[in-house]
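Trainee: I have just opened this one and would like a careful walk through it. Could we look at it together?

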Amino acid sequence: PHVGPVESKNEAAMSELVPEPRQKPVVPMKPMGINANLLGYIGIDTIIEQMRKKTMKTGFDFNIMVVGQSGLGKSTLVNTLFKSQVSRKSSGWNREEKIPKTVEIKAIGHVIEEGGVKMKLTVIDTPGFGDQINNENCWEPIEKYINEQYEKFLKEEVNIARKKRIPDTRVHCCLYFISPTGHSLRPLDLEFMKHLSKVVNIIPVIAKADTMTLEEKTEFKQRVRKELEVNGIEFYPQKEFDEDLEDKTENDKIRQESMPFAVVGSDKEYQVNGKRVLGRKTPWGIIEVENLTHCEFALLRDFVIRTHLQDLKEVTHNIHYETYRAKRLNDNGGLPPMTAETEENHESNL
């Protein structure tokens with residue numbers, strides 16, 4: 001009979017002891033300008049120099065792919081970009097050579113050095129693209145090659161004993177050559193860019209721009225931009241990857257004014273006003289490749305090499321590769337499938 005009242009007293013006492021919800025502690029304001037004036041030299045400013053020395057020792061990788069019909073001057077343009085013979089010299093088909101029946105992938109590697117900076121450059125050519133009567137699905141070998149390079153990198157990354165520096169064969173940039181018809185993009189152009197804009201950084205380029213007048217060139221550029229927008233095709237630099245206002249302003253200008261770059265390539269030098277210039281000789285004069293009033297080659301070179309090369313690599317790693325990696329690991333429950341070769345490697349590592 002005494003149990004009930006005791007329990008009710010205890011419950012009453014407990015309800016009295018329940019603490020009130022505590023207020024969140026006030027976060028003290030950060031002291032302003034506490035380290036504005038250093039009392040002496042520390043050496044923080046040497047961090048940049050340390051990073052520079054380290055990257056100079058390891059060097060840089062850059063893999064560029066060129067896609068387009070034969071005869072649009074792909075090899076010549078890449079040779080002009082890097083001012084050296086880095087791509088195969090295309091001089092028309094020899095009698096012995098056969099026109100490829102399917103799209104081939106040819107990768108040529110070089111080490112280029114300038115001002116003490118070494119860059120391992122790989123040029124990936126795609127002879128046979130768009131040269132057949134039936135070009136259905138001719139982008140598939142290219143897409144397969146790009147994904148194979150992501151797979152290769154992923155397998156190296158998930159190894160138990162990883163390499164300190166994984167060789168990077170991923171395609172950082174794809175120059176897509178548009179034929180200078182002056183009318184509109186072909187269905188093949190649209191299909192290729194639709195399929196591959198999600199897996200690689202595509203930079204559209206109007207080839208052999210010297211075949212059009214200045215008015216035709218301006219009109220064709222506007223038409224191409226409009227068609228890409230209507231078909232929902234995104235090219236590099238993509239709007240959603242602009243990190244800050246400065247990047248957005250700079251990239252908006254490129255997207256709205258420069259893209260697609262109307263270019264002329266040449267690896268021959270001529271004398272113009274006492275200076276040696278790269279150009280193409282015509283009956284009415286010399287088209288100077290690096291002269292902005294003649295073509296936009298200088299803009300393309302500055303864009304790909306001088307301002308956006310590192311960003312091209314970062315977008316490839318952080319966006320395209322990460323998308324592939326996440327999908328691949330999700331599909332396989334966490335890891336790529338084990339092959340006999342990887343099993344042997346794991347056993348030897350263990």
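Mentor: We can go through the sheets, the core, the cysteines, the salt bridges and a few single residues, keeping in mind that this is a predicted model.

Trainee: Sheets first, then: in what order do the strands of the six-stranded sheet come?

Mentor: The order is E2-E3-E1-E4-E5-E6, in an open sheet with mixed pairing. Its edge strands are E2 and strand E6 (261–262), each of which pairs on one side only.

Trainee: And how many bridges join E1 to E3?

Mentor: Seven bridges join strand E1, residues 60–67, to strand E3, residues 117–125, and the two run parallel. Within that pair, Met65 stands opposite Ile124 in E3. Helix H5, residues 187–196, packs on this sheet and touches E1, strand E4 (173–178) and strand E5 (202–206), while its direction makes about 165° with that of E4.

Trainee: What about the sheet of three strands, what is its pairing?

Mentor: That open sheet has the order E7-E8-E9, and its pairing is antiparallel. Strand E7 (269–272) and strand E9 (285–288) are its edges, each pairing on one side only. From one strand to the next, the twist averages 70°. Four bridges join E7 to strand E8, residues 275–282, and in E8 it is Arg276 that Gln271 stands opposite.

Trainee: Switching to the inside: which residues have the most contacts in the largest nonpolar core?

Mentor: They are Phe62, Phe129, Leu175, Phe192 and Ile203, in a core that has 73 residues. As a general background, nonpolar side chains tend to be buried together in soluble globular proteins. Taking Phe62 as an example, and leaving aside residues up to four places away in sequence, its contacts include Phe82, Met119, Leu121, Cys173, Val304 and Leu312.

Trainee: You mentioned a cysteine there; how many disulfides does the structure hold?

Mentor: The structure holds zero disulfides.

Trainee: Why is Cys174 not bonded to Cys173?

Mentor: The closest cysteine sulfur to that of Cys174 is in Cys173, but it is 7.1 Å away, so the two are too far apart for a bond. For a disulfide the two sulfur atoms would have to be within 2.5 Å. Cys174 is buried, with a relative accessible area of 0%, and Cys295 is likewise buried, with a value of 0%.

Trainee: On to charges: how many salt bridges are there?

Mentor: The count comes to 21 salt bridges. One of them is between the side chains of Lys83 and Glu290, at 3.1 Å from N to O. That pair links distant parts of the chain, 207 residues apart, with Lys83 in the loop between helix H3 (74–82) and strand E2 (106–114), and Glu290 in the loop between E9 and helix H8 (297–307).

Trainee: Are those two buried or exposed?

Mentor: Lys83 is exposed, with a relative accessible area of 55%, whereas Glu290 is partly exposed, at 34%. Both belong to a network of salt bridges that also links Arg301, Asp302 and Arg306.

Trainee: Where do Arg255 and Asp252 lie?

Mentor: Both lie in helix H7, three residues apart, which is about one turn of the helix. Their side chains meet in a salt bridge at 2.8 Å, N to O. Arg255 counts as buried because its relative accessible area is 8%, and Asp252 is also buried, with 16%, given that buried means under 20%.

Trainee: Which residues does Gln238 touch?

Mentor: Not counting residues up to four places away in sequence, Gln238 touches Asn201, Arg255, Val315 and His320, so Arg255 of the salt bridge with Asp252 comes up again here. Gln238 lies in the loop between helix H6 (214–230) and helix H7 (245–258), and it is buried, with a relative accessible area of 4%.

Trainee: Last one: where does Pro141 lie?

Mentor: Pro141 lies in helix H4, residues 140–157, and counts as partly exposed at 29% relative accessibility. Leaving out residues up to four places away in sequence, Pro141 touches Val103 and Ile105. Pro141 and Ile105 are 36 residues apart in sequence, yet 7.9 Å apart in space from C-alpha to C-alpha.

Key
Residues are numbered from 1 along each chain as its sequence is written. This is a predicted model: local features need pLDDT of at least 70, side-chain atom pairs count only at pLDDT 80 or more; totals for chains, interfaces and linings use all residues. Side-chain values use heavy atoms; hydrogens and water are left out. Buried means under 20% relative accessible area, exposed over 50%, partly exposed in between (1.4 Å probe, protein chains only). Contact means heavy atoms within 4.5 Å. Two strands pair if DSSP finds at least two bridges between them. Axes are lines fitted to C-alpha atoms, for helices over the stretch in contact, and angles run from 0 to 180 degrees between N-to-C directions. A salt bridge is a side-chain nitrogen of Lys or Arg within 4 Å of a carboxyl oxygen of Asp or Glu. A nonpolar core is a set of buried Ala, Val, Leu, Ile, Met, Phe, Trp, Tyr and Cys residues joined through side-chain atoms within 4.5 Å.
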